[in-house]
Structures are given as structure tokens and as C-alpha cells.
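User: I have a new model open and would like to talk through some of its details with you. Could you start with a loop residue and work outwards from there?

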Amino acid sequence: MAAAVEEGPGLLYPVDMKGTNPEVIAGTAMEYYGKLLEESSFAPELFSVPGREKVQLEASLMHFLPLYREDSKCKILVLTDPQDKTSVLALHLHNSWWLTEDVLKTTDPFREGLRQVETFAERIVLFVLNCIIFGMLERSLACDALFVPHPKKERAKIFWTRGEAVAFYTIKGKGSLCDGLTSQCYLLPVLDTMFVRRKF
């Protein structure tokens, strides 16, 4: 299990690391997954999850999820729960497995309040809040809303508080297409999706 890593004067979580590159993230994940398949006859490594037994790092528990709605090439390798394969335990980033909750954390004291999503690392945080936290862990069974991955250039803001990403909203800008089926455009900026974690 990866914890915050040292880089420079302090500890960093994935969103704090500079130069997070989508091609590198995907490439290292593919390389790791390929080696895992080749070494399937060896005893698997164990991944520590707080409050439960360690999870074996087996290829059968791993899946590549698309980060963006319209780009199937950009994918994130995730580790699912062996007891519930619809639940994601961790993401493979920077050559390490990171707990889902740790991907939402930051050590940057200036990352506070509403912040525009600008970097690729922040896109990953948006994806985790949208597709994993809401989509898999916190969505009520009575709720018929289901957010799909956002487009690559979706305008979005994440709300940070006490070193953690806890909410987001996205906006369709004026002039953007209403859908992919017609040529109709939004005449005004429109609030598209919004989510706040239950514990907040």
C-alpha cells in the first residue's frame, strides 16, 4: 500500500505530484499488469486495507476503467474488492497502489475551497469522486441518477476541505453541444452534475 510519499520538503499524495502524465500512468499500469499475468504462478503480493484482511494482488481483481467518456484509450488500473467486485479499493498510480481515499487527499495547504480542475492529477480526483465514490460506494439504491465519466475538457470544480476532496460540480459552457445527436447548443452556462460526499 502506498502512503503519502516524500518529495521535496513534505509528503505528497498523487494529486500533489508534479508532472503526472496520462501516457506514463497508463504505460506503467499496463507494464505492471502484464508482468502480473506472466508471474501468475508465483505467490501474489498482499495489499493492506485498513480494518480488514490483506487483499491478494491478483489479476482477476484488477480492471482498466476509462477516465474520460469519449476517450477509451486513457484508462486507470483499479483493484476491486474480492468480496464485492463492483467496489474499488485502490488505483495504480506512480508505480504504486493507492487507496481510493488517499487519492482524494492532499498535503498542499493552499488547495482549499472550490478549485478549478486543471491538471491531469485533478482529473483523476474528479473521476474518483464521480465514478467510484458516487457511482460505486455512496449512491443510494433508490437513486436513479448515474454519472458517467466526464469528457476530457469538461469544466469542473472540486471542493477541498481539511486536505480532502469532498465535492464537485461540472458546467456545460455557453455554446457547447447539448448532446452528440443534434447540433443544438446551450445558450447559457448550465450546471450539469454535482455531488457532495455523505460524511460532509
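Analyst: Bear in mind that this is a predicted model. A place to begin is Asn 95, which sits in the loop that lies between strand 7 and strand 8.

User: Is Asn 95 buried or exposed?

Analyst: Asn 95 counts as exposed, because its relative accessibility is 57% and the cut-off for that class is over 50%. Its backbone is worth a look as well, since phi of Asn 95 is near 65°, a positive value in a residue other than glycine.

User: What is usual for the sign of phi?

Analyst: Most residues other than glycine have a negative phi. In this loop, His 94 also has a positive value, with phi near 55°, and His 94 is likewise placed between strand 7 and strand 8. His 94 is partly exposed, with a relative accessible area of 26%.

User: What do strand 7 and strand 8 form together, and how many residues are between them?

Analyst: They form a hairpin with 2 residues between them. Strand 8 covers residues 96–99, and it runs antiparallel to strand 7, to which it is joined by 4 bridges. Within this pairing, His 92 stands opposite Trp 97 in strand 8.

User: And what happens on the strand 6 side?

Analyst: Strand 6, residues 75–81, is also antiparallel to strand 7, and 4 bridges join the two. A hairpin connects strand 6 to strand 7 through 2 residues, and Asp 81 stands opposite Asp 84 in strand 7.

User: Why is strand 7 described as largely enclosed?

Analyst: Strand 7 spans residues 84–93, and 7 of its 10 residues are buried, so the rest of the structure largely encloses it.

User: Which residues touch the most other members of the largest nonpolar core?

Analyst: That core has 36 residues, and those touching the most other members are Leu 91, Ile 124, Val 128 and Ile 158. The elements that give two or more residues to this core are strand 6, strand 7, helix 3 (120–138), strand 10 (155–161) and strand 11 (164–172). Helix 3 supplies the largest share, with 12 residues. As a general point, nonpolar side chains in soluble globular proteins tend to be buried together.

User: What does Ile 124 touch, leaving out residues up to four places away in sequence?

Analyst: With those left out, Ile 124 touches Leu 67, Ile 76, Leu 91, Leu 93 and Val 103. There is also a second, separate core of 17 residues, which includes Leu 36, Phe 47, Ala 90 and Leu 99.

User: Changing topic, how many cavities of 30 Å³ or more are there?

Analyst: The count comes to 1 cavity of 30 Å³ or more, and the largest cavity has a volume of about 60 Å³. The residues that line the largest cavity are Leu 67, Tyr 68, Arg 123, Leu 126, Phe 127, Asn 130, His 150 and Pro 151.

User: His 150 is in that lining; what polar contact does its side chain make with Thr 193?

Analyst: The side chain of His 150 makes a polar contact with the side chain of Thr 193, at 3.2 Å. The side chain of Thr 193 also makes a polar contact with the side chain of Thr 170, at 2.5 Å.

User: Where is Thr 193 placed, and is it buried or exposed?

Analyst: Thr 193 is placed in strand 12, which covers residues 190–196. Thr 193 is buried, because its relative accessible area is 9%, and the cut-off for buried is under 20%.

Definitions and conventions: Residues numbered from 1 in each chain as written. Predicted model: local features only at pLDDT ≥ 70, side-chain atom pairs only at ≥ 80, totals over all residues. Heavy atoms only, no water. Buried < 20%, exposed > 50% of the residue type's maximum accessible area, 1.4 Å probe, protein only. Pairing = 2+ DSSP bridges. Core = buried A, V, L, I, M, F, W, Y, C linked by side-chain atoms within 4.5 Å. Contact = heavy atoms within 4.5 Å. Polar contact = N/O pair within 3.5 Å; in protein donor to acceptor, adjacent residues only side chain to side chain. 1 Å grid on protein atoms, 1.4 Å probe; cavity = no way out; pocket = protein on both sides within 12 Å on 5 of 7 lines; lining within 4 Å. Points joined across faces, edges and corners; volume = space filled by probe spheres on them.
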